[in-house]
Amino acid sequence: GAGGSSGCGGPKGKKKNGRNRGGKANNPPYLPPEAEDGNIEYKLKLVNPSQYRFEHLVTQMKWRLQEGRGEAVYQIGVEDNGLLVGLAEEEMRASLKTLHRMAEKVGADITILREREVDYDSDMPRKITEVLVRKVPDNQQFLDLRVAVLGNVDSGKSTLLGVLTQGELDNGRGRARLNLFRHLHEIQSGRTSSISFEILGFNSKGEVVNYSDSRTAEEICESSSKMITFIDLAGHHKYLHTTIFGLTSYCPDCALLLVSANTGIAGTTREHLGLALALKVPFFIVVSKVDLCAKTTVERTVRQLERVLKQPGCHKVPMLVTSEDDAVTAAQQFAQSPNITPIFTLSSVSGESLDLLKVFLNILPPLTNSKEQSKEQEELMQQLTEFQVDEIYTVPEVGTVVGGTLSSGICREGDQLVVGPTDDGRFLELRVCSIQRNRSACRVLRAGQAATLALGDFDRALLRKGMVMVSPEMNPTICSVFEAEIVLLFHATTFRRGFQVTVHVGNVRQTAVVEKIHAKDKLRTGEKAVVRFRFLKHPEYLKVGAKLLFREGVTKGIGHVTDVQAIAAGEAQANMG
């Protein structure tokens, strides 16, 4: 009666969760003490509670679910100080029955993640059970997690996503990726040049929902309580600007870095790793194509990755996932510490270890540091509406459609907004006709959510990527000149006044010229400075504090905007160039 699948049995007895110690009477095994906040709850036992106690337990479950944005993990048979005591079979059955009643009361589902035996101070076999409780918050259709997919060209990114989202293994010649490509030249070359979005759902019992048993995206959304949106980015160096745009504009929760087992760290892999580190996007690693290599080759690639992750610039703790028990531990520790980097080794052709990645994605909490994120989202929702325009389409019988992310506020069908800045710095009025999230209709869009908005007969020619749609009362400021505090990551010679670079700030991407380097004449690799830039083409909407990344050939730098020189609409053309 514990919500069906007793998913991951995990190794018994000897193997303890990450930080457990020992297993004998003279050295009792412990978990870290229970934290008051967070979504993990320890319970020694839940046998026949009184009505008053039951109501208290239900209130406690609501709190843990709120902390985990709709997900909580219960450790049954564990004291509050983390001591792994364990329960006899009858007590465990009664405790799980109570937990099931509690979940029913709050409208949640429970799934057993793993059971482990403890041999501490007892001749009777005693068990600890780890249970996932999941409930979709009332104001959401499903829990949402955005994962950017990075990696060198030909490492198998689109193929892996095809296998996960279509539910069929690849034939070794790229059949699985064909449904993901958007352009004819991508099908012909087998290389992704644009950003595409793929969805993978999990229902409340933790079972995979994908196109193998659902005909449309709408069906996947309706059947899922948790949605993983994969942002499939380009691996080829030629399309690096598209990859950077995907990372800066779509605000992924985390990234999946794919490395081919037979080539190891090659091509743009280091560059993509550096981008994730620079933009502070937590990432995990998948070593693909293990069916093509000998075991020793796979081990060599994993060792190479571990060496790179431990280097001073990375400061990561690699964690190789080889069992379902490891996958559960990796998901929990990855969410708690940004330094943990799980490594999976799998094959999209044989399906080897693919289930471990699915277990990891199912358990991975919706957002790290949920309390701060929740508070931040509450504050953002109180602000005026601001929507970043990342994609522009024309859809027959619908008209102009824009895709992007709502940075702040709330957006509803029928809202009157203004979009800009145009080349002459103006903002134009428009109306939001309808909203779609994950290809299904949505009435209300909240801060932090990605969606597409239909704008009816609004002229597509007036729109471009990098624009913002905002509330008319916001009175947005635009600029053609701005200052940023930067660190020059690499430059072959010296970086000086007059140098032109492509600047990425959120969804803004434009060439800018260096007008002035404060307190210095020139910069060398590794040096810091405040630099004044001027956009070459048209004014942009920038915010002070926004992350900035610039590049030109091998030249690269990161930083943040410190000052914007606001200009009025009439002055925009005069200020450019």
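Which residue in β26 is the bridge partner of V503? Select V503 and look across to β26: the partner is Q510. Keep in mind as you click around that this is a predicted model.

**Stop 1: the hairpin**

Stay where you are and widen the selection to residues 500–505, which make up β25, and residues 508–517, which make up β26. These two strands run antiparallel and are joined by six bridges. Next, pick H504, whose bridge partner in β26 is R509. Now follow the chain from β25 into β26: the two strands form a hairpin, with two residues between them. Click on G506 in that turn, and you'll find a positive phi of about 60°.

**Stop 2: on to the next strand**

Keep β26 showing and add residues 528–535, which is β28. This pair is antiparallel too, with five bridges joining β26 to β28. For a spot to zoom in on, select K516 and R532: K516 stands opposite R532 in β28.

**Stop 3: the whole barrel**

Time to zoom out. The strands you've just visited belong to a closed barrel of six strands. Colour them in the order β23-β28-β26-β25-β29-β30 and you'll trace the barrel, with antiparallel pairing. On average, neighbouring strands in this sheet are turned by 45° against each other, ignoring direction.

**Stop 4: two crossing helices**

Leave the barrel and select residues 157–166 (helix α3) along with residues 354–363 (helix α10). Their axes come within 12 Å and cross at roughly 75°. Angles of 65 to 115 degrees count as roughly perpendicular, so that is how α3 and α10 sit relative to each other. Show side chains for L160, V163 and L164 on α3, then for L354, L357 and K358 on α10; these residues make the contact. By class, the contact has five nonpolar residues, no polar ones and one charged.

**Stop 5: a cavity**

What is the volume of the largest cavity? It comes to about 50 Å³. The count of cavities of 30 Å³ or more is one. To find the spot, select L257, I265, T269, L273, I285, L305, V308 and L309, which line the largest cavity. Then display α7 (269–278) and α8 (295–310) as cartoons, since each supplies at least two residues of that lining. Which helix gives the largest share of the lining? That's α8, with three residues. Colour the lining by class to finish: seven residues are nonpolar, one is polar and none is charged.

Terms used: Residues are numbered from 1 along each chain as its sequence is written. This is a predicted model: local features need pLDDT of at least 70, side-chain atom pairs count only at pLDDT 80 or more; totals for chains, interfaces and linings use all residues. Side-chain values use heavy atoms; hydrogens and water are left out. On a 1 Å grid over the protein atoms alone, a cavity is a set of points where a 1.4 Å probe fits but cannot get out, and a pocket is an open set with protein on both sides within 12 Å along at least five of seven lines; lining residues have an atom within 4 Å of a point. Grid points are joined across faces, edges and corners, and a volume is the space filled by probe spheres set on the points. Helices (H or I, at least four residues) and strands (E, at least two) are DSSP runs, numbered from the N terminus. Ala, Val, Leu, Ile, Met, Phe, Trp, Tyr, Cys and Pro count as nonpolar, Asp, Glu, Lys and Arg as charged, and the others, Gly among them, as polar. Two strands pair if DSSP finds at least two bridges between them. Axes are lines fitted to C-alpha atoms, for helices over the stretch in contact, and angles run from 0 to 180 degrees between N-to-C directions. Angles under 35 degrees count as roughly parallel, over 145 as roughly antiparallel, 65 to 115 as roughly perpendicular and the rest as oblique. Contact means heavy atoms within 4.5 Å.
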